[in-house]
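Please open the structure in your viewer and keep the selection tool at hand. The tour below goes from one selection to the next and says what is there each time.

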Amino acid sequence: MNLVPSTDVAAIDLARIDLSDPALFADGDPHAVWQAMRQRDPVRWQAVDSTGFWAVSTFDGAERVLTDHATFSSTGGVVLNMLGRPEPAQGQQFSATDPPELARIRGPLQRELAMRAVQQHAAVVREHVRGLLGSLSGSFDFATAVSPLPMAFLGPLMGIPAQDWPLIARLVAMSVAEHDPDTAVEEGPQATLDRGHRELFAYLLNLSLEHRKRPRGDLVNALLALPISAGGVVANCYSLILGAAAAIAHVPTGTLAELLRTGQYPTWAARRAHIPGAVEEAIRWTSPAGHFLRTATRDTFIDGTAIAAGDAVVLWIGSSNRDERYFPDPHRLNPFRRGQRHLAFGAGAHYCIGAALARLALRIVFEEMFQRFSSFELAGDIVHVRSTWLAGIKSLPVVGRPR
Amino acid sequence: MQQRAELEGRLIELWSEKLGVPTVTAEDNFFALGGDSLLAADLLMDIYEEFGLEIDAAVLFLRPTIADLLQEVSAV
């Protein structure tokens with residue numbers, strides 16, 4: 001999707017916009033649409049066939065829904081492709097479980113993923129990143145080059161061997177971008193989703209059986225030690241993989257595309273001391289996890305709009321993170337922006353469990369990228385992912401000049 | 001052979017119990033009967049615990065019938 005608005009916001013007719021249509025995100029201008037929503041209709045009903053959802057565009061609205069767990073439940077599924085379908089993993093998978101039960105599953109995982117635990121892996125992650133970037137020069141596709149990145153740090157934590165990372169990456173793509181022509185199977189989006197999901201589930205079930213027979217003291221064993229079913233263990237592995245593998249590589253890719261558009265790459269590369277702040281801004285600005293779904297448990301209001309018990313509510317994170325009330329000049333990628341939290345990792349009890357790991361990995365990627373390349377040039381058309389959930393670029397052809 | 005018949009009978013029982021469906025045949029599709037991925041994982045773990053049989057999960061997830069599971073077991 002276009003990461004900065006390029007059309008006239010005033011001319012957008014919101015009545016004709018369909019936020020459930022992946023084409024809007026592949027070829028349209030969602031940031032212009034969201035800006036129009038924040039100005040005119042911040043909480044808007046989006047009909048989808050015989051059902052629909054409330055689309056929330058503001059920072060305040062999204063933060064309220066994310067943190068008011070009693071009123072907005074995760075048990076009805078958390079992504080749009082679950083709209084109108086029962087969530088089989090509710091109460092068993094951390095992403096589809098509400099507090100207070102959530103703590104039972106999340107606590108042990110959180111300990112495994114705490115910064116202290118994760119930092120032990122920093123050297124390994126850096127080695128992988130060097131391996132990924134080190135052989136690149138001349139013309140290549142930056143998006144393709146960094147796509148194995150998430151598995152390079154999640155793989156070792158879950159005991160997934162390197163030869164399986166490309167397979168996992170393909171299955172994840174089928175599970176989150178089922179409309180994208182590069183991932184969709186012939187039988188259509190639903191079949192793509194089903195097959196990606198089932199193959200990934202099968203892989204993870206075999207993996208958890210291996211871990212049961214030969215414990216490795218990693219994330220999978222932490223899950224196996226919990227009082228949840230075999231299906232619950234696999235569903236949680238699935239959540240960890242999807243959260244990490246789908247989203248993270250889109251931060252450097254989207255950021256590089258914008259730095260090339262604005263000519264800011266040399267400035268960023270020259271100021272390595274500012275990388276931690278720059279990474280945080282890159283996460284806000286790219287917001288790869290595009291939306292979250294919740295279900296209202298009782299009648300309530302969001303930003304003054306009445307919501308009925310049972311209604312689906314979708315928070316557009318890309319919009320909340322460009323809310324001009326909190327982020328002056330919101331579409332500008334500004335590494336010196338300080339003091340304002342963003343919602344790219346969510347908020348409240350479901351705050352991204354891998355956030356510390358993601359920040360660490362991204363810091364390393366930016367450091368290594370700036371270290372290796374003195375400049376890049378755009379060398380072809382940028383292609384955006386066709387997905388309502390995953391905001392990102394799948395093809396960024398560049399010519400890179402190593403230092 | 002007897003073991004196979006015993007396994008088939010037990011699989012039919014397990015399916016019907018997990019899915020809440022009174023009659024299950026060896027040709028029924030697990031997902032078409034209302035099964036989901038979590039139940040499928042539970043089922044394979046039950047088979048492992050009860051029979052010590054490790055069936056490649058891909059069989060149940062991609063060819064989800066009892067007939068296919070039995071064929072996989074006899075091939076092992």
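Begin where chain A meets chain B, keeping in mind that this is a predicted model. If you display the polar contacts across the interface of chain A and chain B, you will find eight residue pairs, both residues of each pair being at pLDDT 80 or more. Now select helix H10 (189–213) and helix H12 (230–247) of chain A, each of which supplies at least two residues of the side of chain A that touches chain B. Of that side, H10(A) gives the most, with 12 residues. Colouring the residues of the same side by kind divides them into nine nonpolar, seven polar and five charged.

Keep both chains on the screen and look at the contact as a whole, in which 21 residues of chain A are in contact with 17 residues of chain B. The area buried between the two chains, A and B, is about 1,600 Å², and carbon and sulfur atoms give 69% of this area. Select Arg198(A), Leu205(A) and Arg212(A) next, since these residues are worth a look together: they supply 32% of the area that chain A buries against chain B, more than any other three residues.

How many salt bridges does the rule find across the interface of chain A and chain B? There are two across this interface, and to see one of them you can select Arg212(A) together with Glu49(B), whose closest N and O atoms are 2.8 Å apart.

The next stop is a sheet in chain A, so hide chain B for a while. Five strands form an open sheet here in the order E1-E2-E8-E5-E3 (chain A), and their pairing is mixed. Strand E1 (43–48) and strand E3 (72–73) of chain A stand at the edges with a single partner strand each, and therefore one side of each has no neighbour in the sheet. Select E3(A) with strand E5 (residues 291–296) of chain A, and you will have a pair that runs in the antiparallel sense over two bridges. Within this pair, Phe72(A) has Ala296(A) in E5(A) as its bridge partner.

With the sheet still selected, add helix H3 (residues 59–67) of chain A, which lies across strand E2 (51–56), E3, E5 and strand E8 (312–316) of chain A and runs at about 125° to E8(A).

Then turn to the loop between E1 and E2 of chain A, where Asp49(A) has its place. Most residues other than glycine have a negative phi, and most peptide bonds are trans. Asp49(A), however, has a phi near 50°, which is a positive value in a residue other than glycine. For a peptide bond to set beside it, select Pro99(A) and Pro100(A): the bond from Pro99(A) to Pro100(A) is cis, with omega near 5°. Pro100(A) is found in the loop between E3 and helix H4 (102–112) of chain A.

Another open sheet of chain A has three strands in the order E4-E12-E9, with antiparallel pairing. Its edge strands are strand E4 (138–141) and strand E9 (373–378) of chain A, each of which pairs on one side only. Neighbouring strands of this sheet are turned by 35° against each other on average, direction ignored. Select E9(A) and strand E12 (residues 397–402) of chain A to follow their antiparallel pairing over five bridges, and there look for Glu377(A), which stands opposite Val399(A) in E12(A).

Finally, select Arg261(A) and Glu258(A), which form a salt bridge with the closest N and O atoms 2.9 Å apart. Because Arg261(A) and Glu258(A) are three residues apart in helix H13 (residues 250–262) of chain A, about one helical turn separates them. A search of the whole structure, over all chains, finds 24 salt bridges.

Key: Residues numbered from 1 in each chain as written. Chains lettered and ligands numbered in written order. Predicted model: local features only at pLDDT ≥ 70, side-chain atom pairs only at ≥ 80, totals over all residues. Heavy atoms only, no water. Pairing = 2+ DSSP bridges. Helix = DSSP H or I, 4+ residues; strand = E, 2+ residues; numbered from the N terminus. Contact = heavy atoms within 4.5 Å. Axes fitted to C-alpha atoms, helices over the stretch in contact; angles between N-to-C directions. Buried area = accessible area lost by both parts, 1.4 Å probe. Salt bridge = Lys/Arg side-chain N within 4 Å of Asp/Glu carboxyl O. Polar contact = N/O pair within 3.5 Å; in protein donor to acceptor, adjacent residues only side chain to side chain. Nonpolar A, V, L, I, M, F, W, Y, C, P; charged D, E, K, R; others polar.
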